[in-house]
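Me: Please take a close look at a single part of this structure, its strands and their pairing, and then place that part in its surroundings. A formal, connected account would be appreciated.

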Amino acid sequence: MKLAIVLFNLGGPDSVEAIEPFLFNLFNDKAIIGAPQPIRWMLARYISSKRAPVAAEIYDHLGGKSPLLKLTKDQGEALKTSVAKEMGEAVEVETFISMRYWYPMSEDCAAKVKEYEPDHIVLLPLYPQFSTTTSESSINEWHHAAKKAGISAKTTTVCCYPTNEGFISAVTDNLRSQIEEATYMGKPRILFSAHGLPKKIIEKGDPYQWQVEQSALAVVEKLNMPNLDWWVTYQSRVGPLEWIGPNTEDEIIRAGQEKRPLIIVPIAFVSEHSETLVELDIEYKELALSQGVPLYLRSPAVATHPFFIDGLRDLVINHISIEKEVLPEGHEKICPHKHTRCICKG
Ligand SMILES: C=CC1=C(C)c2cc3[nH]c(cc4nc(cc5[nH]c(cc1n2)c(C)c5CCC(=O)O)C(CCC(=O)O)=C4C)c(C)c3C=C
Ligand SMILES: [Fe+2]
Ligand SMILES: [Fe+2]
């Protein structure tokens, strides 16, 4: 059997010139800005041109481009090796990358998958927690591209895996090292910081916030440390809308007032990129130190941590034989009913 695993992520600019068109693609996505066309197109033009200089300063810290594609390729290679080792000669496996807002995008990816001629395709978002703005947007875009490319192989989708054993073990393993490092300064406070979302997206039934909370809770349970001081917070707010909270920056200021050592854990990003390497490591660190936080540590993203990669491997293998098209890990619907925008068919 020939197996294709399609990995989804957001993508990032690969040059300074790519910053504005990348932002345009992001804001022209109806999952991000719900306005009809051509209003959305005009808004996207306006917002991306306004945001581009701010984003350029951010990417300047990273040599003018995002490291996300290279790091996603590393994850793809590690996953391919892990699946091949587990499944042996019965399966020939290849991983493919489909980015949502910069290259390689779904059309580029679909062309490569078509050429590979798989018997089965597993769609695997590199977002453990499902959101309409990330996983669903990427999955929809893939289906358009796959249809256009004439791909007819059986396709199954992992919609989400917020409490996947491998993911949670990898986050916990990274965090444990940070806690050991912080202990000489007293009891640390842990902020599980996730990318925020506009509040109205959650109010329309997006399960992302609920799933982020499940991930944090699972890490805390796995750590099994008495009286842990932990909070879930949200970062990366952009635009004029009200976003979900508490805001990571506000919690950093509070930790400064209370003189608490801080450990920040990226709980919704599985790779390093501008929002970890610049926002967390430079901007929020400066804020923390200026506000009197005595120690500021940041747990690394799970990247190619063997626990995480083996968790992804198990998800893929368990999804090859499912009958329904879209299922979460464990093949049972996990989101409470009020999260009506959940797409899983369990
Ligand atoms: C869990 C992951 C993410 C969610 C949810 C998400 C929603 C979301 N993002 C924006 C606006 C921007 N995001 C930007 C970059 C970016 N965002 C994520 C992840 C999620 N976004 C990633 C992985 C990245 C890539 C960063 C990189 O490669 O360097 C940016 C560009 C950077 C900047 O200008 O700050 C914007 C803008 C919105 C509006 C939104 C939900 C509505
Ligand atoms: Fe984002
Ligand atoms: Fe769900």
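**Strand pairing and its surroundings**

Reply: Strand β1 (residues 2-9) and strand β2 (residues 92-99) run parallel and are joined by eight bridges. The model in which this pairing is found is a predicted one. Within the pairing, Ala-4 of β1 has Glu-94 as its bridge partner in β2. Strand β1 is also joined to strand β3 (residues 120-125), here by six bridges, and these two strands likewise run parallel. In this second pairing, Leu-3 stands opposite His-120 of β3. As to burial, β1 is mostly covered, for seven of its eight residues are buried. In general, the strands of a sheet pair through backbone hydrogen bonds, in either a parallel or an antiparallel manner.

A further set of strands can be described in the same terms. Four strands, in the order β6-β5-β7-β8, form an open sheet with parallel pairing. The edges are occupied by β6 (229-235) and β8 (296-298); each has a single partner strand, so one side of each is left without a neighbour in the sheet. On average, and with direction ignored, neighbouring strands of this sheet are turned by 25° against each other. At the β8 edge, three bridges join β8 to strand β7 (residues 262-266), and the two run parallel. There, Leu-262 stands opposite Tyr-296 of β8.

Helices lie across this sheet as well. Helix α6 (residues 165-182) lies across β7 and β8, and its direction is at about 165° to that of β7. Helix α9 (residues 248-257) lies across three strands, β5 (189-195), β6 and β7, and runs at about 140° to β6. Strand β7 is thus crossed by α6 and also by α9.

The ligand environment completes the description. Ligand 1 has 23 residues around it, of which Gly-12, Ala-55, Ser-66, His-273 and Ser-274 come nearest. Two or more residues of this shell are given by each of the helices α1 (19-27), α2 (39-60), α5 (132-149) and α10 (274-290). Helix α2 gives the most, with three residues. By class, the shell consists of 13 nonpolar, eight polar and two charged residues.

Notes:
Residues are numbered from 1 along each chain as its sequence is written. Chains are lettered from A and ligands numbered from 1 in the order in which they are written. This is a predicted model: local features need pLDDT of at least 70, side-chain atom pairs count only at pLDDT 80 or more; totals for chains, interfaces and linings use all residues. A residue is near a molecule or strand if its C-beta atom, placed from the backbone, lies within 6 Å of it. Ala, Val, Leu, Ile, Met, Phe, Trp, Tyr, Cys and Pro count as nonpolar, Asp, Glu, Lys and Arg as charged, and the others, Gly among them, as polar. A residue is buried if 20 or more other C-beta atoms lie within 10 Å of its own, exposed if 12 or fewer, and partly exposed in between; C-beta atoms are placed from the backbone. Two strands pair if DSSP finds at least two bridges between them. Axes are lines fitted to C-alpha atoms, for helices over the stretch in contact, and angles run from 0 to 180 degrees between N-to-C directions. Two residues are in contact if their C-beta atoms, placed from the backbone, lie within 7 Å.
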